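Reader: Hello! I am new to this structure and would love a close look at one loop, together with what lies around it. Please take me through it step by step.

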Amino acid sequence: MSITDVLSADDIAAALQECQDPDTFEPQKFFQTSGLSKMSASQVKEVFRFIDNDQSGYLDEEELKFFLQKFESGARELTESETKSLMAAADNDGDGKIGAEEFQEMVHS
């Protein structure tokens, strides 16, 4: 599966353009521009599985660092502050990782 099977390549490019500079990544803006926020819960969970490198069922900070690169291989890494901010926005139970449900809730919030 490729991310462009579920999201438009043009929408992904536009979303990445908005946050190409370090410390400009805003999750909600990214989700809206990329089209993720318009997807159903099950579609968002499919995207989650694509982002979950080790297929553990969770995203940790190391996986979040490469979040943008899952949408386009040439995209930049998230900065440490962006990574921590993304984790804080989604980690509802405070266990230091983001599950599929937490990810879906963040995308649709």
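**A loop and its surroundings**

Author: Let us start at Gln55, which sits in the loop that joins α3 and β1. Please keep in mind that this is a predicted model. Gln55 has a positive phi of about 55 degrees, although it is not a glycine. That deserves a second glance, because most residues other than glycine have a negative phi. As for its surroundings, Gln55 counts as exposed because its relative accessible area is 53%, and the cut-off for exposed is over 50%.

Now look at the residues on either side. Asp54 belongs to the loop between α3 (41-51) and β1 (58-59), and Ser56 is found in the loop between α3 and β1 too. Asp54 is partly exposed, with a relative accessible area of 48%. Ser56 is likewise partly exposed, at 42%.

What does the record say about this stretch? In an unreviewed entry, UniProt places the feature "binding site" at Asp52, Asp54, Ser56, Tyr58 and Glu63. The UniProt annotation "domain: EF-hand", also from an unreviewed entry, covers residues 39-74 and 78-109. Over residues 39-74, the chain is 44% helix and 6% strand, and the end C-alpha atoms are 24 Å apart. For residues 78-109, the values are 59% helix and 6% strand, with the end C-alpha atoms 21 Å apart.

Next, step back from the loop into the helix that leads to it. The buried residues of α3 are Val44, Lys45, Val47, Phe48 and Ile51. Seen down the axis of α3, these buried residues fall within an arc of 155 degrees, so they line one face of the helix. A general point helps here: an α-helix has 3.6 residues a turn, so residues three or four places apart point the same way. And what does that face of α3 meet? Its buried residues pack against β1, α4 (61-65), β2 (98-99) and α6 (100-107).

One of those partners, β2, brings us to another loop. Asp91 lies in the loop between α5 (80-90) and β2. Asp91 is buried yet has no salt bridge, and the nearest side chain of opposite charge, that of Lys97, is 8.8 Å away. That distance rules out a salt bridge between Asp91 and Lys97, because such a pair would need a side-chain nitrogen within 4 Å of a carboxyl oxygen. The side chain of Asp91 does have a polar atom 3.2 Å from the backbone nitrogen of Gly94. Neighbours within four places in sequence aside, Asp91 is in contact with Gly96, Lys97, Ile98 and Glu102.

To finish, here is a loop to set beside the one around Gln55. Asp23 lies in the loop between α1 (9-18) and α2 (27-34). Asp23 has a positive phi of about 65 degrees, although it is not a glycine. Farther along the chain, Thr33 lies in helix α2. The side chain of Thr33 makes a polar contact with the side chain of Glu18, at 2.9 Å. Leaving aside neighbours within four places in sequence, Thr33 is in contact with Asp11, Ala14, Ala15 and Glu18. Pro22, by contrast, is eleven residues from Thr33 in sequence and 18 Å from Thr33 in space, C-alpha to C-alpha.

Terms used: Residues are numbered from 1 along each chain as its sequence is written. This is a predicted model: local features need pLDDT of at least 70, side-chain atom pairs count only at pLDDT 80 or more; totals for chains, interfaces and linings use all residues. Side-chain values use heavy atoms; hydrogens and water are left out. UniProt positions are given in the numbering used here, feature names are shortened, and annotations may be inferred rather than shown by experiment. Helices (H or I, at least four residues) and strands (E, at least two) are DSSP runs, numbered from the N terminus. Buried means under 20% relative accessible area, exposed over 50%, partly exposed in between (1.4 Å probe, protein chains only). The arc is that of the directions from the helix axis to the C-beta atoms. Contact means heavy atoms within 4.5 Å. Lys and Arg count as positive and Asp and Glu as negative; His and the chain ends are not counted. A polar contact is a pair of N or O atoms within 3.5 Å; within protein, one must be able to donate a hydrogen and the other to accept it, and residues adjacent in sequence count only if both atoms are side-chain atoms.
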